[in-house]
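Morning, everyone. I have one structure to walk through today, so let's put it on the screen.

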Amino acid sequence: MNEALKAIYDRRSIRKYKPQQISSEELEAVLKAGVCAPTGMNRQSPIIIAVQNKDDVAYLSKLNAKVKNFGTDAFYGAPTVLVVLAEADSSFAVQDGSLVMGNLMNAASALGLGSCWINRAKEVFESDEGKALLKKWGVEGNYVGIGNCILGYADESPEMKPRKEKYVYYVK
Ligand SMILES: Cc1cc2nc3c(=O)[nH]c(=O)nc-3n(C[C@H](O)[C@H](O)[C@H](O)COP(=O)(O)O)c2cc1C
């Protein structure tokens, strides 16, 4: 089968990770796929923040869980979090950022890495704590959180969830 299609078909949301960190080659390859995503009018509204510092990953997970008031690790033990944000004043922010997220997850699958979109980036980076994190990371500008792509070596291999019957309509 075509390798690109295989990576897309094989991608699953992974919610259990081995503790070891991914290699810097793997990280760079996934990030490059994110940067290759198309953007509205080529304005390139998104940014990607690759977070691997253990304390920052743990803190980000805590902020994320706080939005929904749950006590567990929102990132399922994944050692890398790719935070995708986009320029808040761009009318393409959600579309651009979501395509970046898709490319990141499909690239992860192509490399045999586990990934999952973790939501609530919007709420986290609207909060004072989230804004303080961006400042600490040296990110300047007005950004809206789109999603968190967690990454790591999968410690589970879930089956594909069935898709609904009437997903595709053909008009011939
Ligand atoms: C916009 C979006 C938000 C998501 N948020 C979360 C989340 O916060 N936590 C989580 O465990 N999975 C999250 N997911 C993963 C979905 O639950 C998952 O894609 C869906 O169940 C289908 O499974 P699959 O990705 O293995 O095909 C999210 C996915 C998308 C696209």
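Let's start at the ligand. Keep in mind that this is a predicted model. Who lines the site? Going along the sequence, the residues around the ligand are Arg11, Arg12, Ser13 and Arg15, then Tyr76. Next comes the run Cys116, Trp117, Ile118, Asn119 and Arg120. Lys161 and Arg163 complete the list.

What is the chemical make-up of that shell? Six residues are charged, four are nonpolar and two are polar.

Now the polar contacts. The side chain of Arg11 has an N or O atom 2.8 Å from an oxygen atom of the ligand. For the side chain of Lys161, the corresponding distance to a ligand oxygen is 2.9 Å. For Arg120, again through a side-chain N or O atom, it is 3.2 Å. How much of the ligand is covered? On its own, the ligand has 620 Å² of accessible area, and the protein covers 67% of that.

On to the interior. The largest nonpolar core has 23 residues. Leu60, Phe75, Val81, Val83, Phe125 and Ile150 have the most contacts inside it. Which elements feed this core? At least two residues each come from strands S1 (46–51), S2 (80–87), S3 (114–118) and S4 (143–152). Helices H3 (54–68), H5 (121–126) and H6 (128–136) also supply at least two each.

Zoom in on Val83. Leaving out residues up to four places away in sequence, Val83 touches Ile47, Ile48, Ile49 and Val51. Val83 also touches Leu60, Phe125, Gly147 and Asn148.

One last stop. There is a second, separate core of 21 residues, including Leu27, Leu31, Leu104 and Leu151.

Key:
Residues numbered from 1 in each chain as written. Predicted model: local features only at pLDDT ≥ 70, side-chain atom pairs only at ≥ 80, totals over all residues. Heavy atoms only, no water. Core = buried A, V, L, I, M, F, W, Y, C linked by side-chain atoms within 4.5 Å. Buried < 20%, exposed > 50% of the residue type's maximum accessible area, 1.4 Å probe, protein only. Helix = DSSP H or I, 4+ residues; strand = E, 2+ residues; numbered from the N terminus. Contact = heavy atoms within 4.5 Å. Near = heavy atom within 4 Å. Polar contact = N/O pair within 3.5 Å; in protein donor to acceptor, adjacent residues only side chain to side chain. Areas by Shrake-Rupley, 256 points an atom, 1.4 Å probe, with all protein chains shown as cover. Nonpolar A, V, L, I, M, F, W, Y, C, P; charged D, E, K, R; others polar.
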